[in-house]
Amino acid sequence: MEKLRIAIQKSGRLSEKSLALLKEAGISINNGSRKLLSVAQSFPLEVIYLRDDDIPQYVEDGVAHIGIVGENEFAEKACAVDLVERLGFSRCRLSIAIPKSESYGGIEDMDGKRIATSYPVILEKYLGEHGIKADLHVLSGSVEIAPSIGLADAIFDIVSSGSTLISNGLREVETVMHSEAVVIANRNLKELEQGLLTDLLFRIRSVMAASNNKYILLNAPNDRLKEIIDVIPGMKSPTVMPLADEGWSSVHSVLSEKEFWAVIDRLRELGAQGILVIPIEKMII
Ligand code: ATP
Ligand code: MG
């Protein structure tokens, strides 16, 4: 039977989370021995493990039908593949940083400077858009030490907490792009592969929706019920059931993580009691 082939990072920052996502989507992969290729149970899926740099090209060529990579690799490799889903993990940004003793007046300051980076394509495009010409030094790693050894005046690299920059005496001066893990897909999938991808994306979206939402139960005084319901609209509308205690109702609904604390505070002001918040395992939307 035909299978969908997915490329994921062999070992690195994306590997574990990519496999965990598939697992939550009900697809377990037996990869005890860290093979190059493994076959999933319970879904027609084959996994190939690659360096993240190689994933966009493999997907463009159709060796893998889809892949999970950082948006930064997707942008840098500029391969002819489609970005079909953002996954929300491995978030980072790509920024220009300079020695902290240097002043910075704006991107014009980079004109004629030497910038060390592993992402020349993204940087070149950004500088071009701002009419800046710089001298790029392409390094595959340890970019952050380039200024201190006199190799460059600035760097362009991945930043997440910023602690690597600080420990190398650098400061972030320009954020060029934000990145998160994404699913990319080959542009010429056959109907069957496209169907499998649609099924897989449906599962992945259900997992993500669940982790972005909570199930909430609370007791509401009937005289404030309408206002309380306005605060928690729910998927369709909340479930309301009378309590044995006269004058009170039990309200059940779904709340998104983003608005969570603001809504909880508002509910307490409105006299809601016994608020319970429960994780949702899957959410079919
Ligand atoms: P490979 O050996 O596969 O080429 P790599 O060294 O290029 O691996 P990793 O360091 O494992 O890559 O990072 C993989 C991806 O994770 C990056 O492309 C980026 O999207 C994301 N990432 C990198 N650093 C961080 C970070 N500090 N925090 C969050 N995400 C990050
Ligand atoms: Mg890499």
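The following legends describe close-up views of a predicted model.

**View 1. A salt bridge between two strands: Arg-5 and Glu-46.**
Side chains of opposite charge can pair when their charged atoms come close. In this view the side chains of Arg-5 and Glu-46 form such a salt bridge, with 2.9 Å from N to O. Arg-5 belongs to strand S1 (residues 4-9) and Glu-46 to strand S3 (residues 45-50), so the contact ties together parts that are 41 residues apart in sequence. Arg-5 is partly exposed, its relative accessible area being 24%. Glu-46 has a relative accessibility of 18% and counts as buried, because buried means under 20% relative accessible area. A search of the whole structure finds 18 salt bridges.

**View 2. A salt bridge between a loop and a strand: Arg-187 and Asp-82.**
The side chains of Arg-187 and Asp-82 meet at 3.0 Å, N to O, in a salt bridge. Arg-187 is found in the loop between strand S11 (181-185) and helix H6 (191-211), whereas Asp-82 is part of strand S5 (residues 82-86). The pair thus links distant parts of the chain, 105 residues apart. Both partners are partly exposed: Arg-187 has a relative accessible area of 47%, and Asp-82 has a relative accessibility of 33%.

**View 3. Glu-180 and Arg-86 within a network of salt bridges.**
A salt bridge joins the side chains of Glu-180 and Arg-86, with 3.9 Å from N to O. Glu-180 lies in the loop between strand S10 (170-179) and strand S11, and Arg-86 lies in strand S5, so this pair ties together parts that are 94 residues apart in sequence. Glu-180 is buried, at 11% relative accessibility, while Arg-86 is partly exposed, at 39%. Salt bridges that share partners join these two residues with Glu-71 and Arg-91 into one network.

**View 4. The magnesium ion (ligand 2) and its protein donors.**
The protein donors of the magnesium ion (ligand 2) are Asp-52 and Asp-53. Each of these residues contributes through OD, and the donors lie 2.0 to 2.1 Å from the ion. Asp-52 is buried, with a relative accessible area of 18%. Asp-53, at 26% relative accessibility, counts as partly exposed.

Key:
Residues are numbered from 1 along each chain as its sequence is written. Chains are lettered from A and ligands numbered from 1 in the order in which they are written. This is a predicted model: local features need pLDDT of at least 70, side-chain atom pairs count only at pLDDT 80 or more; totals for chains, interfaces and linings use all residues. Side-chain values use heavy atoms; hydrogens and water are left out. A salt bridge is a side-chain nitrogen of Lys or Arg within 4 Å of a carboxyl oxygen of Asp or Glu. Helices (H or I, at least four residues) and strands (E, at least two) are DSSP runs, numbered from the N terminus. Buried means under 20% relative accessible area, exposed over 50%, partly exposed in between (1.4 Å probe, protein chains only). Donors are N, O and S atoms within 2.8 Å of the metal (3.2 Å for Na, K and Ca); water is not among the atoms, so sites may look incomplete.
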